[in-house]
Each structure stands twice: as C-alpha cells, then as structure tokens.
Amino acid sequence: MADPATREGVERILGEPTSERLGFLPRQARLLHRGILRRFAATGAPPAHAELDAEARHSLRDLAEWDLVGLGQRGEIEYAYPFATERTPHRVQVADGAQPYAVSALHALGAPAMLETDAEITSVDPRTRRRIRIAVGGRGTTADWQPATTVVFVGILIRCSELGDAKACGPYTKFFGTQDSAETWAEARAERVTGVLLEQDQALRAAERHFAGLLRRHLRSV
C-alpha cells in the first residue's frame, strides 16, 4: 500500500476515483457507460456514434461532462477510462476478451481490477524502448512484472489545471524498466512535468483504488 504522502501525490494528479462521479449521473447514463466499458473489453473499441439513438447521445454528453468519456469533434468516443480508441503504448489483453489500448500505464493496471479478470499488459519503456510485460492475476489484484525492476511514473504537466484529464495526464503516466530510467526521463522534463514514482505494489493498489469501482459502482447504483 502506498504511504500517505505517495497516495496524496497520486490523487493530486488523478483527482478522486473515477467511479465517484457515477453517483451524480441518471440511470440511463450509467447503463450506457457500463455498455461502453463492456464493449471495449469484448471488442477493443466502443460503440460507433451511428449506433446510438438520440437518448443515448444525450447520455453520452452527460458522461463527457463528468469526464467519464472523451468525445471527438463528431461526437465519437475517443476514450472511456481506462480504455482509449487511439493507439497508445499500453495494451491490455483481457482474458477471454479483446486487446484494447489503455489511456496510461495506471489505467492499464486498473482495467483488470475493474473487470475482475486476469490480463496481460504490454508496454514499452519510453526512454530505453525496452519491452515491458505485466501478467495480472487474482482478478486484477496480483501481478508478475517483466522486467522485475519495472516501476510506474504518474505524471502531469505543471501548467495543467484540470486534474484527472486524460489528454493531460495520459502521456506522462508510464511504465519504466528501472527506477533509474524513470528518474532520468523525469529529470529531463522537470521544467514542465511533475509526478510521483510508484513501486509495483503501490502502482497496483493505486490503479485498483481509482478504477476497480467503475463496474462495481454500477452494480450498486443502476
């Protein structure tokens, strides 16, 4: 478990757990949100805009207003935490499912916990280009990390004023093969990026806290 200072640092960057925002939404929006997440896990992509009727499109705008999904200029879904439609360095092979991209390293770790399933995450150290693989077991609660020295940097642009914004945070929350690699990368960007370095267990617990409740909250509130 992350110590209080580390947890505070992560929450300063990510904001409150994403699931906390579900309680402010009407039932139809929560149902749509659950469907979007399930579609991502099963197919690797969200529903197309053309598949949604007028009521669903209205609910989609509610989800975007509460930063549960991100929409493109034509109303298409660009991301629904923890998944992204655009190519990112982080892919999550869901057990008996698809291989969607994740918004960031922490989102990738959170996806198996959210789905309560096992998964294999693949990524790359952005500095050394070394391949990283995390086999997540225990329905999202345990992990085997390769290389064994892998860490997670949770970062954000210093000038960013919107906490929890995927476009601001996603590019700066990454897996690194070693602590030295992460520190070297972060030091080179210290004038514009700030963040917290997490050990493996800290990263897994932070991901679980911020994303595991998304579908569990649905079960209680829909």
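Q: Is Phe176 counted as buried or exposed, and at what relative accessibility?
A: In this predicted model, Phe176 has a relative accessibility of 0% and therefore counts as buried. The residue belongs to a strand whose two faces are both covered, since in β10 Thr173 and Phe175 on one side, and Lys174 and Phe176 on the other, are all buried.

Q: Why can one strand present residues to two sides?
A: The general idea is that side chains in a regular strand alternate between the two faces of the sheet. In this structure, the alternation can be followed along β10, where Thr173 and Phe175 share one side while Lys174 and Phe176 take the other.

Q: In what order do the strands of this open sheet lie, and what is the sense of the pairing?
A: The sheet is open and has three strands in the order β10-β9-β11, with antiparallel pairing. Because β10 (173–176) and β11 (193–198) each have a single partner strand, they stand at the edges, and one side of each is left without a neighbour in the sheet. On average, and with direction ignored, neighbouring strands are turned by 25 degrees against each other.

Q: How many bridges join β9 to each of its partners?
A: Strand β9 (residues 151–157) is joined to β11 by six bridges, and to β10 by four bridges, again in the antiparallel sense. To find the register, one can read individual partners: Val152 is bridged to Leu198 in β11, whereas Val151 has Phe176 as its bridge partner in β10.

Q: Which ring does Phe176 pair with, and how are the two planes arranged?
A: The structure holds six aromatic pairs. In one of them, the rings of Phe176 and Trp185 have their centres 5.4 Å apart and their planes at 55 degrees, so this pair is classed as tilted. Trp185, with a relative accessible area of 6%, is buried, and the two residues form one aromatic cluster together with Phe153.

Q: Where does a charged group sit over an aromatic ring?
A: The charged end of Arg91 is placed over the ring of Tyr101, at 4.1 Å from the ring centre.

Q: Which residues touch the most other members of the largest nonpolar core?
A: The general idea is that nonpolar side chains tend to be buried together in soluble globular proteins. Here the largest nonpolar core has 64 residues, and those touching the most other members are Ile36, Leu63, Leu106, Leu109, Val152, Phe175 and Leu198. Helix α4 (residues 105–115) gives the most to this core, contributing seven residues. Two of the residues named, Val152 and Leu198, are also the bridge partners met in the sheet.

Q: How many salt bridges are there, and what separates the partners Arg39 and Glu51 in sequence?
A: The count comes to five salt bridges. In one of them, Arg39 and Glu51 bring their closest N and O atoms to 3.0 Å. Arg39 lies in helix α2 (residues 27–43) and Glu51 in the loop between α2 and α3 (54–65), so this pair ties together parts that are 12 residues apart in sequence. Neither partner is buried: Arg39 is partly exposed at 30% relative accessibility, and Glu51 is partly exposed at 46%.

Q: Where do Asp144 and Arg133 lie in the chain?
A: Asp144 is in strand β8 (residues 142–146) and Arg133 in strand β7 (residues 131–137), 11 residues apart, so that distant parts of the chain are linked. Their salt bridge has an N to O distance of 3.5 Å. Both count as partly exposed, Asp144 at 39% and Arg133 at 25%.

Q: What separates Arg205 and Asp201 within their helix?
A: These residues are four apart in helix α7 (residues 200–211), which means that about one helical turn separates them. Their side chains meet in a salt bridge at 2.8 Å, N to O. Arg205 is buried at 19% relative accessible area, whereas Asp201 is partly exposed at 39%. Elsewhere, salt bridges that share partners join Glu120, Arg133 and Asp144 into one network.

Q: How far apart are Leu31 and Ala56, in sequence and in space?
A: They are 25 residues apart in sequence and 9.6 Å apart in space, taken from C-alpha to C-alpha. Leu31 is placed in helix α2 and, at 25% relative accessibility, counts as partly exposed.

How values were computed. Residues are numbered from 1 along each chain as its sequence is written. This is a predicted model: local features need pLDDT of at least 70, side-chain atom pairs count only at pLDDT 80 or more; totals for chains, interfaces and linings use all residues. Side-chain values use heavy atoms; hydrogens and water are left out. A salt bridge is a side-chain nitrogen of Lys or Arg within 4 Å of a carboxyl oxygen of Asp or Glu. Buried means under 20% relative accessible area, exposed over 50%, partly exposed in between (1.4 Å probe, protein chains only). Rings of Phe, Tyr and Trp (its six-membered ring) pair if their centres lie within 6.5 Å; planes under 30 degrees apart count as stacked, over 60 as edge-to-face and the rest as tilted. A charge sits over a ring if NZ of Lys or CZ of Arg is within 6 Å of the ring centre and within 35 degrees of the ring normal. A nonpolar core is a set of buried Ala, Val, Leu, Ile, Met, Phe, Trp, Tyr and Cys residues joined through side-chain atoms within 4.5 Å. Two strands pair if DSSP finds at least two bridges between them. Axes are lines fitted to C-alpha atoms, for helices over the stretch in contact, and angles run from 0 to 180 degrees between N-to-C directions.
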